[in-house]
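Biologist: Could you take me through one part of this protein slowly, as if I were new to reading structures? I'd like a close look at the sheets, and at whatever sits against them.

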Amino acid sequence: MNAASLFRERYGTEPTGLWAAPGRVNLIGEHTDYNEGFVLPFALPQRTVAAVGPAPAGEWTVCSTLEEGTISFGATTPGEVTSWAAYVAGVVWALQDAGFEAPGARIALASEVPVGSGLSSSAALESSVLTALIDLGGLDLAIERRPALAQRAENVYVGAPTGIMDQSASIRCLAGRALFLDCRSYEVKQIPFDLAAEGLAILVINSNAPHQHVDGEYGARRKSCEEAAHILGVPALRDVPPDGLAAALDKLDDEVMRRRVRHVVTEDQRVLDTVALLEQGRVRAIGPLLTASHASMRDDFEITVPQVDVAVEAALSAGAYGARMTGGGFGGCVLALIDADRADVTTEAVEQAYGKSGFTAPTCWIATPGAGAARL
Ligand code: GLA
């Protein structure tokens, strides 16, 4: 069922409008966002659609094709709504906390973004609702400020200590472009990313690996990075330049912390190098950077699992220019840069490797850069 039909079924009337926001794939720049560094995501064509209509001031009601029942709440504070609807209540709270009058609303949600596969289904949900409430309420909230607001909903209300990448991608991406984001200044540059014109494609491989310990491990990585920045006397690891890395590592006693720092500092540089190559139109040449990013996540940041490592190896053996895990880690998806006519061969190679390893079969599809959040 789509969002508009669900709205009619539950609320017995037509919605005022439909707002959609996409999931994302991160081309490169992992765990760099909360270190105030660089990321380069693009939006997926898969979106969350919110059908929204008015309700009395201070009243919100939500339902979703993915969940049972309909949930209503008034003005709340973080923690009061604890179900999946916390993502919606969090957006309402973040708007009000920032001094905006969030309009009362009835909301029906439907999503094409696979949940729990590291493609930012939660950011798509937050961004669709946020955009709808801003439009319906006629709120004067510049696009640059919106991702941080959605991030607060997730950090403070839902309680997940994520960075700003996913909400930025869902809100600020443009079709056919990758979003180069400076996670300190929030400045963006839209980077042309027309793979089809080059005969190339990004194959997304959902490892279908069960997500385990995701929240705890994510928080532990973040803490380790923040502690390292503190010891090094810099505001964030973004401030350690690549040619200052060796000196910085010398100042850290803890071997694990040294590896975490090395990942972040080298990953920021890989993002900058990737952007430079894309701007020169040298798309194939980014392949080795993607693969180096994977090795860094596997060996230094230690956030991969066997399923994603096997997918990367199989894609590379099948001729991919580069491949890496994308997203927070501990499962989720791999992306591989391939010749467009090699999608089937690469998919088969990954499926075979999974069969041999006894893993649950992966799900593979071609991702093209889609548009950011908008009213349909
Ligand atoms: C998750 C978080 C993001 C980012 C990535 C890792 O997707 O939500 O903020 O930290 O992990 O790059």
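Modeller: Let's start with a word we'll need: two strands count as paired if DSSP finds at least two bridges between them. Keep in mind, too, that this is a predicted model. In general, the strands of a sheet pair through backbone hydrogen bonds, either parallel or antiparallel.

With that in hand, look at the open sheet made of 6 strands, in the order 5-4-6-3-1-13, with mixed pairing. Its edge strands are strand 5 (71-73) and strand 13 (374-375), and each of these pairs on one side only. Now zoom in on strand 1 (residues 17-26) and strand 3 (residues 41-54): they run antiparallel, and 9 bridges join them. To see one spot in this sheet, find tryptophan 19, which stands opposite alanine 50 in strand 3. Something packs on this sheet as well, namely helix 3 (residues 121-137). Helix 3 touches strand 1, strand 3, strand 6 (105-111) and strand 13, and its direction makes about 145° with that of strand 1.

Okay, on to the other sheet. Here 4 strands form an open sheet in the order 10-11-9-12, and the pairing is antiparallel. Strand 10 (322-326) and strand 12 (363-367) each have a single partner strand, so one side of each is left without a neighbour in the sheet. From one strand to the next, the twist averages 25°. Inside this sheet, strand 9 (residues 200-206) and strand 11 (residues 333-339) run antiparallel and are joined by 7 bridges. If you want a pair to click on, try valine 204, whose bridge partner in strand 11 is leucine 335. This sheet has a helix packed on it too: helix 10 (residues 306-317) touches strand 9, strand 10 and strand 11. The direction of helix 10 makes about 160° with that of strand 10.

Helices can also meet each other. The axes of helix 2 (residues 86-97) and helix 4 (residues 146-158) come within 8 Å and cross at roughly 115°, and the crossing is right-handed. Among the residues that meet there are Trp93 and Leu95 in helix 2, and Leu149 and Tyr157 in helix 4. Sorted by type, the residues of this contact are 12 nonpolar, 1 polar and 3 charged.

Last stop, the ligand. The residues around it include Arg24, His31, Tyr34 and Tyr218. For polar atoms, check aspartate 166, where a polar side-chain atom lies 2.6 Å from an oxygen atom of the ligand. Backbone atoms join in as well: a polar one of glycine 163 is 2.8 Å from a ligand oxygen, and a polar one of glycine 328 is 3.4 Å from a ligand oxygen.

Notes
Residues are numbered from 1 along each chain as its sequence is written. This is a predicted model: local features need pLDDT of at least 70, side-chain atom pairs count only at pLDDT 80 or more; totals for chains, interfaces and linings use all residues. Side-chain values use heavy atoms; hydrogens and water are left out. Helices (H or I, at least four residues) and strands (E, at least two) are DSSP runs, numbered from the N terminus. Axes are lines fitted to C-alpha atoms, for helices over the stretch in contact, and angles run from 0 to 180 degrees between N-to-C directions. Contact means heavy atoms within 4.5 Å. A crossing is left-handed if the near helix is turned anticlockwise from the far one by less than a right angle, and right-handed if clockwise. Ala, Val, Leu, Ile, Met, Phe, Trp, Tyr, Cys and Pro count as nonpolar, Asp, Glu, Lys and Arg as charged, and the others, Gly among them, as polar. A residue is near a molecule or strand if one of its heavy atoms lies within 4 Å of it. A polar contact is a pair of N or O atoms within 3.5 Å; within protein, one must be able to donate a hydrogen and the other to accept it, and residues adjacent in sequence count only if both atoms are side-chain atoms.
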